[in-house]
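Thanks for coming. I have one structure to walk through today, and I will take it from the sheet down to single residues.

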Amino acid sequence: MRKINLGLDEVKQKISALKGREVEMNVNRGRKKIDTISGVIKDVYPSVFTVKPPQEPLQTFSYFDVLCGNVRFL
């Protein structure tokens, strides 16, 4: 059975609603590397959003990463 995914606009709206909140997400880095990141969504831009984990540098993700399943919110 085919999984029904959200559209790009819906993903942007959901992430915009999470701006400023603490989130936890799994990030598929390829070659069976999956990182779990906890942090605050700092900014939301037209093509990307940024997450600031504590004690680590700012990380940037695209909405396409969420659509493809490379970034999953827990």
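**The sheet, the core and two loop residues**

Let me start with strands β2 and β3, which run antiparallel and are joined by three bridges. Two strands count as paired here if DSSP finds at least two bridges between them. Helices and strands are DSSP runs numbered from the N terminus: helices are H or I with at least four residues, strands are E with at least two. One of the bridges puts Val-40 opposite Lys-52 in β3. The connection between β2 and β3 is a hairpin of three residues.

Before going on, the ground rules. This is a predicted model, in which local features need pLDDT of at least 70 and side-chain atom pairs count only at pLDDT 80 or more, while totals for chains, interfaces and linings use all residues. Residues are numbered from 1 along each chain as its sequence is written, and side-chain values use heavy atoms, with hydrogens and water left out.

How confident is the predictor? pLDDT is its confidence in each residue, from 0 to 100. The mean for the protein is 88, and 93% of its residues reach 70 or more. Confidence is highest in β3, at 94, and lowest in helix α2 (residues 63-68), at a mean of 88.

Now the whole sheet. Five strands make an open sheet, in the order β4-β3-β2-β1-β5, with antiparallel pairing. Strands β4 and β5 (71-73) are at the edges with a single partner strand each, so one side of each has no neighbour in the sheet. From one strand to the next the twist averages 45 degrees; for such angles, axes are lines fitted to C-alpha atoms, for helices over the stretch in contact, and angles run from 0 to 180 degrees between N-to-C directions.

At the β4 edge, β3 and β4 run antiparallel and are joined by four bridges. Within that pairing, Phe-49 stands opposite Phe-61 in β4, and Val-51 stands opposite Gln-59. In a regular strand the side chains alternate between the two faces of the sheet. Strand β4 (residues 59-62) has Gln-59 and Phe-61 on a covered face, and Thr-60 and Ser-62 on an uncovered one.

What lies between β3 and β4? The two form a hairpin with six residues between them. In that loop is Gln-55, with a positive phi near 65 degrees although it is not a glycine. Lys-32, in the loop between β1 (22-30) and β2 (33-44), also has a positive phi, near 60 degrees. Most residues other than glycine have a negative phi. Gln-55 is exposed, at 83% relative accessible area, and Lys-32 is exposed at 85%. The cut-offs are under 20% for buried and over 50% for exposed, with partly exposed in between (1.4 Å probe, protein chains only).

Next, the inside. The largest nonpolar core has 13 residues, and those with the most contacts inside it are Ile-15, Met-25, Phe-49, Val-51 and Phe-61. A nonpolar core means buried Ala, Val, Leu, Ile, Met, Phe, Trp, Tyr and Cys residues joined through side-chain atoms within 4.5 Å. Two or more residues come from each of α1 (8-17), β1, β2, β3 and α2. Strand β1 gives the most, with three residues.

Take Phe-61 from that list. Setting aside neighbours within four places in sequence, its contacts (heavy atoms within 4.5 Å) include Met-25, Val-27, Ile-37, Phe-49 and Val-71.

Which aromatic residues cluster? Phe-49, Phe-61, Tyr-63 and Phe-73 form one aromatic cluster. Three aromatic pairs are found in the whole structure. In one, the ring centres of Phe-49 and Tyr-63 are 5.7 Å apart and the planes are at 35 degrees, so the pair is tilted. Phe-49 belongs to β3 and Tyr-63 to helix α2, so the pair ties together parts 14 residues apart in sequence. For the terms, rings of Phe, Tyr and Trp (its six-membered ring) pair if their centres lie within 6.5 Å; planes under 30 degrees apart are stacked, over 60 edge-to-face, and the rest tilted. Phe-49 is buried at 0% relative accessible area, and Tyr-63 is buried at 2%.

Last, Thr-50. Is this residue buried or exposed? Thr-50 sits in strand β3 (residues 48-52) and counts as buried, at 5% relative accessibility. Leaving aside neighbours within four places in sequence, Thr-50 has contacts that include Val-40, Ile-41, Tyr-45, Leu-58 and Thr-60.

Terms used. pLDDT is the predictor's confidence in each residue, from 0 to 100.
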